[in-house]
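This briefing is intended to be read alongside the sequence and the structure. Please view both before turning to the points below.

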Amino acid sequence: MTSRLDRIAQQRLEKLERLRARGINPYPHRYHRSHTTQQAIALLKQQEEGGGKGETPVVNIAGRIMARRRMGKISFLDIRDGSGKIQLYFHSDLVSEANLKLLKDIDIGDIIGASGKLFRTKSGEPTLEVENFTLLSKSLRPLPEKWHGLSDIDTRYRQRYLDLIANTEVGEIFKVRSQVITGIRQFMDRRGFLEVETQVLQPLAGGALARPFITHHLALDQDFYLRIALELHLKRLIVGGFDKVYEVGRIFRNEGISTKHNPEFTMLESYEAYADYNDVMEMVEKMVSGTLRKITGGYKIRFGDNVLNFKPPWQRLSLHQAIMNYAGVNFDKFPDTDSLRGEMLRLKMEVDPQKDRGRLIDELISTYVEPNLIQPTFLLDYPIEISPLAKKKPDNECLVERFEGFAGGMEIANAFTELNDPIDQRQRFLQQQKQQAEGEAGVIDEDFVLSLEYGMPPTGGLGLGIDRLVMLVTNQQSIREVILFPQLREKT
RNA sequence: GGGCCGUUAGCUCAGUUGGCAGAGCACCUGACUUUUAAUCAGGGUGUCGCAGGUUCGAGCCCUGCACGGCUCACCA
């Protein structure tokens, strides 16, 4: 590193050695903290509201030093813990000689514990008048700048701990993320769903069509795939007799990285026996709107330039109608790949000649429809070609009972009335296999089909992208802002 | 993988037509008994992302590479 950083680190190492020479352990094992900074402030307020009667109790607090203002005989330090921050006041007449000496070797970034009485300064700032303090951890490196914080995105993601120290609002995003997941779990548990954990390392990566990550088990001398969906194992559990199951789990897709895609992301999947996609739709509305209300107190959130209103019921639109509205294509009139491609070319759309009818429809959705679905919207009834795990509509062999939920121009949910006919399922897999691109997992999961042969009740299933939901709730335009450690290329 | 943009002190950023490498914060020394982006005086600590090239001379121009951002492609 540069000589200047060496110099700062060197100075701090020298301080460390001085402390050790005086018999001070710069990294002690524990500290008895009586209050968090916010509890201490609350205690002071309580004391004041009681008319100042009684002795102010001595509190022990601990945290990282964020700022220092030295003024001759007195010093002010700001320290921060997980709850917030508080100001410390040091007066050289009030602390021991040893403490005074220690204070000289303390730096911004160090973690200390301090005890003393609470009071308010002239300007009303709640403050701890320090009587005694201890070094709890010596910091050897300078923190990012106090006013502008840390804004270099590369450093923010690679050294997320610095981001969290320097930019307090980043921590808030991840608190909301936790609240979203907690809210969803509570919702599902209350509805009688059983939370389960299924395997991450799978012999076949099924349940979606995406390129998987591959790994190898040494003892078994066998390749495994990191799961690309939770679907097929959760449905096995429905066959097994758990009527309502869900999993909040990490899934892995070996695809491109973008502001809306991270190679590993978190998905909620749930399956409910004896339900269909209409039941699931209602559940999604209640789950998302209810969780939102719990966190924000209302149904409306700002997302970019828009205000999204999640109050049920959400807009429902058939996929067919949506593509008519936004792309001007009536796909019913173009029942095969060639005719649909011809129509798209006639409308001067860019068309990938490799794509079959299903993928062309998919393209119409993602290019023309999805970006326009700002308010929460359900698109219903998808073409069978792109929905191999969903049950056909009773009155239309070409469509399945499937919906996707959108908000803020992003897909957040995907659900269907699950296909439970094992013969139809095998045929759909075979059909899928023919269309599959190279590199994608293409082997039929025979064990899954076998499980269907034993009989799966009619079932409604759901997949919900947690990361994107958190993006919406926290008004973030990049998925990396809601994932603590997003995927980056290793620096060489 | 393609296109565009970026990379200068620990952090946030300037850097003119190609002519001695700059500021604020942080850091070090000193002053200061209620400060809070404390203030005041002094101190610049750098492989200008990396490697080449052009030039008397390159942070600046050219080529390649690395990493990042946006975007396109990919992506049930």
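The notes that follow proceed from the overall form of the chain to local detail.

The model is predicted. Chain A has 14 helices and 19 strands. Its radius of gyration is 29 Å, well over the 23 Å that the globule rule gives for 492 residues, so chain A is more spread out than a compact globule. Chain A is divided into two parts, domain 1 and domain 2.

**Domains and dimensions**

- Domain 1 covers residues 4-143 of chain A, while domain 2 is assembled from residues 166-314 and 375-481.
- Between the C-alpha centres of domain 1 and domain 2 there is a distance of 48 Å.
- The C-alpha trace of chain A extends over about 90 × 55 × 50 Å when taken along its principal axes.

**Burial, contacts and surface**

- Of the 492 residues in chain A, 49% are buried.
- Among the contacts in chain A with a separation of 6 or more, 65% are made by residues 24 or more positions apart.
- Chain A has an accessible surface of about 25,000 Å², and carbon and sulfur atoms contribute 51% of that surface.

**Strands β7, β8 and β9**

- Strand β9 comprises residues 222-226 and pairs with strand β7 (residues 201-202) in the antiparallel sense, over 2 bridges.
- Within the β7 pairing, Q202 has Y225 of β9 as its bridge partner.
- Strand β9 also pairs with strand β8 (residues 214-217), again in the antiparallel sense, here over 4 bridges.
- In the pairing of β8 with β9, H216 stands opposite D223 of β9.
- Strands β8 and β9 form a hairpin in which 4 residues separate the two strands.
- D221 is located in the turn of this hairpin and has a positive phi of about 45 degrees.
- As background to reading such strands, side chains in a regular strand alternate between the two faces of the sheet.

**E282 and helix α8**

- Helix α8 spans residues 277-296, and E282 is one of the residues in this helix.
- Is E282 buried, exposed or partly exposed, and what is its relative accessible area?
- E282 has a relative accessible area of 44%, which lies between the 20% limit for buried and the 50% limit for exposed, so this residue counts as partly exposed.
- P313 is 31 residues away from E282 along the chain, and the C-alpha atoms of these two residues are separated by 8.2 Å.

Methods. Residues numbered from 1 in each chain as written. Chains lettered and ligands numbered in written order. Predicted model: local features only at pLDDT ≥ 70, side-chain atom pairs only at ≥ 80, totals over all residues. Heavy atoms only, no water. Domains from an automatic or database assignment. Pairing = 2+ DSSP bridges. Rg over C-alpha atoms; globule rule 2.2 N^0.38 Å. Buried < 20%, exposed > 50% of the residue type's maximum accessible area, 1.4 Å probe, protein only. Contact = heavy atoms within 4.5 Å. Areas by Shrake-Rupley, 256 points an atom, 1.4 Å probe, with all protein chains shown as cover.
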